[in-house]
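Me: Please take a close look at one part of this protein, the packing of its helices. A connected account would be welcome.

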Amino acid sequence: DIVSYHLEIEGPSGHWCELTVAPMFRPMTDLEEKRWATEMRIFDEICKMAVPGATLNEMADTMERVYLEDGWTLKEMQAPHHDFHGQGIDVIEWPWYGPLDDRQGDVVLEAGMCFSYHPRRDVTPEVRMTGINQNIVITKNGAESLAAPWDMRWRVMV
């Protein structure tokens, strides 16, 4: 009843872009609506705090803080996944961050860094994640979407 479509494309400049669309063929459940609202709030909070001098760990802390504030419980074991990773000539470039990936240590954000933003956290109660995927660039005012005005909302097809 839900189809997730994820596209990774390389443009004429040789730079990569990732977009995700999640159409569903039924109305959203209350838990799906709640998770969607939480994940959109996480994106807004991260865009505000992701300025030069902030760190990838602080971005992840922001994400996890909002989940907890919204009443979710984070599962102890998380799937290995990059929540944020550099993006450019390759689809996954340094620096990256994921809950089980500590090979690089923390990274300080610099103006002009470009990331693919697609955080994943397993939560309880269990509910499907929305599949947000944005390409963001770090600016002095926070992260800005490179896909604006891409509509990240789930598409209900009933």
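Reply: The following account turns from the overall fold to the helix pair.

The model is predicted, so local features require pLDDT of at least 70 and side-chain atom pairs pLDDT 80 or more, whereas totals for chains, interfaces and linings use all residues. Residues are numbered from 1 along each chain as its sequence is written, and side-chain values use heavy atoms, without hydrogens and water.

The protein contains 2 helices and 11 strands, where helices are DSSP runs of H or I with at least four residues and strands are runs of E with at least two, numbered from the N terminus. Along the sequence the pattern is β-β-β-α-α-β-β-β-β-β-β-β-β.

Helix H1 spans residues 30-49 and helix H2 residues 56-69; their axes come within 9 Å and cross at roughly 145 degrees. These axes are lines fitted to C-alpha atoms over the stretch in contact, with angles from 0 to 180 degrees between N-to-C directions. The crossing of H1 and H2 is right-handed, that is, the near helix is turned clockwise from the far one by less than a right angle.

Contact means heavy atoms within 4.5 Å. H1 contributes Arg35, Thr38, Glu39, Arg41, Ile42, Glu45, Ile46 and Met49, and H2 contributes Glu58, Met59, Thr62, Met63, Arg65, Val66, Tyr67 and Glu69. The residues of this contact divide into 7 nonpolar, 2 polar and 7 charged, with Ala, Val, Leu, Ile, Met, Phe, Trp, Tyr, Cys and Pro taken as nonpolar, Asp, Glu, Lys and Arg as charged, and the others, Gly among them, as polar.
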